[in-house]
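This report covers the cysteines, the main pocket and one strand residue. The sequence and structure are shown first.

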Amino acid sequence: MLNQLRSEDFVPLIGQVCHFLVPEQVELELQIQSVRQKPLSQVPGWEAEQRTPFVVELIAVGATPLVDAVGHLQLPAAENQPQRTLENVWISRTGAMGRDRQYCYFQLPFN
């Protein structure tokens, strides 16, 4: 299922809250902040056969010790999309880099 997702699937979810679940960890509430295309990450010669790589940027409102993890991401319903759960999703924490340090920032990459 993850290989069928496209950046367009996440755009209607910008600003909405999703939940990230990792075994033996507290459920993490994340807001979908943005979706960025990453065309330079495309494998040369595969442009016609694969989706354009993209990154979903997420923000956690509270502090969390989570840095990198694989888990389930529960996405809310939006427009023509039902609520769904993505399994075996890897998220990675990113630095605040000029943003508000009271929040924790994550990215969900799709190659």
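## Cysteines

A disulfide is a pair of cysteine sulfur atoms within 2.5 Å. The model is predicted, and by this rule it has 0 disulfides.

Why does the sulfur of Cys 104 form no such bond? The closest cysteine sulfur, that of Cys 18, is 14 Å away, which is too far for a bond. Seen from the other side, the sulfur of Cys 18 has its closest cysteine sulfur in Cys 104, at 14 Å, and is likewise too far for a bond.

Are these two residues buried or exposed? Cys 18 has a relative accessibility of 0% and therefore counts as buried. Cys 104 is also buried, at a relative accessible area of 6%.

## Largest pocket

The volume of the largest pocket is about 160 Å³. It is lined by 13 residues, of which Val 26, Glu 27, Leu 28, Thr 64 and Pro 65 are the closest to the centre.

Sorted by class, the lining consists of 8 nonpolar, 3 polar and 2 charged residues.

## Gln 74 and its contacts

Gln 74 belongs to strand β4, which covers residues 68–75. With a relative accessible area of 28%, Gln 74 is partly exposed.

Which residues does Gln 74 contact, leaving aside neighbours within four places in sequence? They are Cys 18, His 19, Leu 21, Arg 84 and Thr 85. One of these, Cys 18, is the buried cysteine with 0% relative accessibility. For His 19, the separation from Gln 74 is 55 residues in sequence, while the C-alpha to C-alpha distance is 5.1 Å.

Notes:
Residues are numbered from 1 along each chain as its sequence is written. This is a predicted model: local features need pLDDT of at least 70, side-chain atom pairs count only at pLDDT 80 or more; totals for chains, interfaces and linings use all residues. Side-chain values use heavy atoms; hydrogens and water are left out. Buried means under 20% relative accessible area, exposed over 50%, partly exposed in between (1.4 Å probe, protein chains only). On a 1 Å grid over the protein atoms alone, a cavity is a set of points where a 1.4 Å probe fits but cannot get out, and a pocket is an open set with protein on both sides within 12 Å along at least five of seven lines; lining residues have an atom within 4 Å of a point. Grid points are joined across faces, edges and corners, and a volume is the space filled by probe spheres set on the points. Ala, Val, Leu, Ile, Met, Phe, Trp, Tyr, Cys and Pro count as nonpolar, Asp, Glu, Lys and Arg as charged, and the others, Gly among them, as polar. Helices (H or I, at least four residues) and strands (E, at least two) are DSSP runs, numbered from the N terminus. Contact means heavy atoms within 4.5 Å.
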